Amino acid sequence: MKYTPHSKDQTPFSPREGQRSEPKQIAILGSTGSIGTQALQVIAAHPDRFAARVLTANNRWELLAEQARQFMPAAVVIANENYYPALRDSLADLPIAVYAGADALCQVVEGTEVDIVLTAMVGFAGLPPTIAAIKAGKPIALANKETMVVAGELINGLCRKYQVPILPVDSEHSAIFQSIMGEVSPIERIILTASGGPFRTFTREQLETVTPAMALKHPNWDMGAKITIDSASMMNKGFEVIEAKWLFGVEPDRIQVVVHPQSVVHSAVQFADGAVKAQLGVPDMRVPIQLAFSFPERLHSDFDRLDWFTMHDLTFERPDTERFRCLALAYESLQQGGNMPCIVNAANEIVNRAFLEGRCRFLEMADIIERTMQRATFIKQPSYEDYLETDKEARRIAAQLLQS
Ligand code: NDP
Ligand code: MG
């Protein structure tokens with residue numbers, strides 16, 4: 001049974017219909033995650049400017065209920081329908097509409113009262129609701145980079161058609177965005193910084209035996225498990241190259257990944273005269289989240305400030321694509337184009353999870369992704385339906401390779 005906003009006698013936005021208040025109404029897809037909870041901190045710090053209109057989660061219904069009680073959104077969605085009864089019962093005393101299922105995620109973002117949608121879900125699952133939000137004309141605060149990796153060209157086409165802006169939340173892309181604010185000249189080069197992750201200095205032999213627990217200890221950022229593993233393998237940086245290509249219209253040979261272990265320079269842009277503009281700051285995702293919400297304004301924050309006199313050693317290195325082959329595979333997928341980045345993303349979701357669960361060794365992840373790229377059906381100009389098919393096929397192939 002489905003409990004969606006389009007079901008009869010349920011009107012998700014009726015509780016506040018007709019009394020649109022001033023704060024920007026934000027739908028957070030994935031409010032229980034790392035980005036989602038930090039977004040709620042930003043909203044809590046600026047109640048006069050922002051309000052949570054829609055909150056969603058996949059499994060963690062108890063945390064979702066707690067968030068709903070605190071932020072009083074008009075609607076909540078639990079993607080995993082098994083938790084619907086528990087969530088509904090726990091919020092029964094409140095005027096909050098409760099829905100379940102993946103389709104409901106697409107429907108709640110369309111509500112007329114929603115002013116901006118923060119895509120903070122993880123993985124390919126973020127694609128359908130992002131498309132639904134764009135088609136409903138909602139500005140996107142984009143954290144879910146997998147959406148751009150899988151279908152950047154399609155998303156850009158839809159954004160043009162529906163005249164919808166994408167505001168980057170990923171710290172590097174926010175830095176690039178901030179560096180081009182006010183510029184009228186094209187970008188000559190993007191300098192995409194990378195921390196290098198916990199294994200930056202490891203030899204290939206050491207990488208053979210690293211464990212999930214070691215990979216989960218990121219030196220600078222506290223993030224969800226999937227992106228933390230992607231950071232350790234540097235697939236995350238590969239995905240960010242793809243994300244940058246589609247967000248800023250810059251070809252991959254003009255996107256230079258630079259390893260910068262201190263994560264102070266969040267990324268930079270070089271222009272035709274050789275000038276380079278960068279954005280710096282303490283590593284804190286609430287900064288780009290808040291800017292995506294408040295753009296073009298900047299709001300006050302109590303977040304830590306950079307201490308210039310303790311930064312003695314800002315260093316920059318060339319990435320090593322021999323040890324971190326995932327980065328090379330991401331570049332290669334861009335070169336091939338079509339559905340190849342979608343294939344890489346799907347295979348990566350399979351091996352990422354398998355590594356976390358101890359079913360795949362660290363270096364094996366790149367092997368399986370590469371072999372999936374060779375086996376999956378290549379489509380030069382994929383449609384939305386092709387992406388859905390590709391995702392399924394590549395997952396199947398990667399899962400088979402994992403077993404054999
Ligand atoms: P988390 O794993 O911490 O949170 C993911 C959120 O999405 C949770 O609310 C989770 O619900 C929900 N979710 C997961 N799978 C599904 C699904 N199939 N359907 C519906 N909801 C789902 O991830 P992060 O916050 O770390 O990352 C979110 C996105 O932001 C990713 O795309 C990541 O690459 C990107 N990003 C993250 C950064 C960070 O600092 N964390 C930095 C830059 C980008 P539940 O809690 O119930 O499982
Ligand atoms: Mg990033």
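User: How do the residues of the shell around ligand 1 divide into nonpolar, polar and charged?

Analyst: This is a predicted model, in which local features need pLDDT of at least 70 and side-chain atom pairs count only at pLDDT 80 or more, while totals for chains, interfaces and linings use all residues; side-chain values use heavy atoms, with hydrogens and water left out. Residues are numbered from 1 along each chain as its sequence is written, and chains are lettered from A and ligands numbered from 1 in the order in which they are written. Ligand 1 is surrounded by 25 residues (each with a heavy atom within 4 Å of it), the closest being T32, N59, R60, E146 and G224. With Ala, Val, Leu, Ile, Met, Phe, Trp, Tyr, Cys and Pro counted as nonpolar, Asp, Glu, Lys and Arg as charged, and the others, Gly among them, as polar, the shell divides into 12 nonpolar, 9 polar and 4 charged.

User: What share of the area that ligand 1 exposes when taken alone does the protein bury?

Analyst: Backbone N or O atoms make polar contacts (pairs of N or O atoms within 3.5 Å) with ligand 1: such an atom of N58 lies 2.9 Å from an oxygen atom of the ligand, and one of G224 also lies 2.9 Å from a ligand oxygen. By the Shrake-Rupley method with a 1.4 Å probe, ligand 1 taken alone exposes 890 Å², and the share of this that the protein buries is 88%.

User: Which residues coordinate the magnesium ion (ligand 2)?

Analyst: Donors are N, O and S atoms within 2.8 Å of the metal (3.2 Å for Na, K and Ca), and sites may look incomplete because water is not among the atoms. The donors here follow the spacing D-x1-E-x67-E along the chain, and the pair D170 and E240 links distant parts of the chain, 70 residues apart. At 2.1 to 2.2 Å, the ion is coordinated by D170 (OD), E172 (OE) and E240 (OE).

User: Is S267, with its positive phi, buried or exposed?

Analyst: Most residues other than glycine have a negative phi. Phi of S267 is nevertheless near 155°, and this residue is placed in strand β10 (residues 265–270), strands being DSSP runs of E with at least two residues. Buried means under 20% relative accessible area, exposed over 50% and partly exposed in between, with a 1.4 Å probe and protein chains only. Because its relative accessibility is 0%, S267 counts as buried.

Notes. Polar contact = N/O pair within 3.5 Å; in protein donor to acceptor, adjacent residues only side chain to side chain. Helix = DSSP H or I, 4+ residues; strand = E, 2+ residues; numbered from the N terminus.
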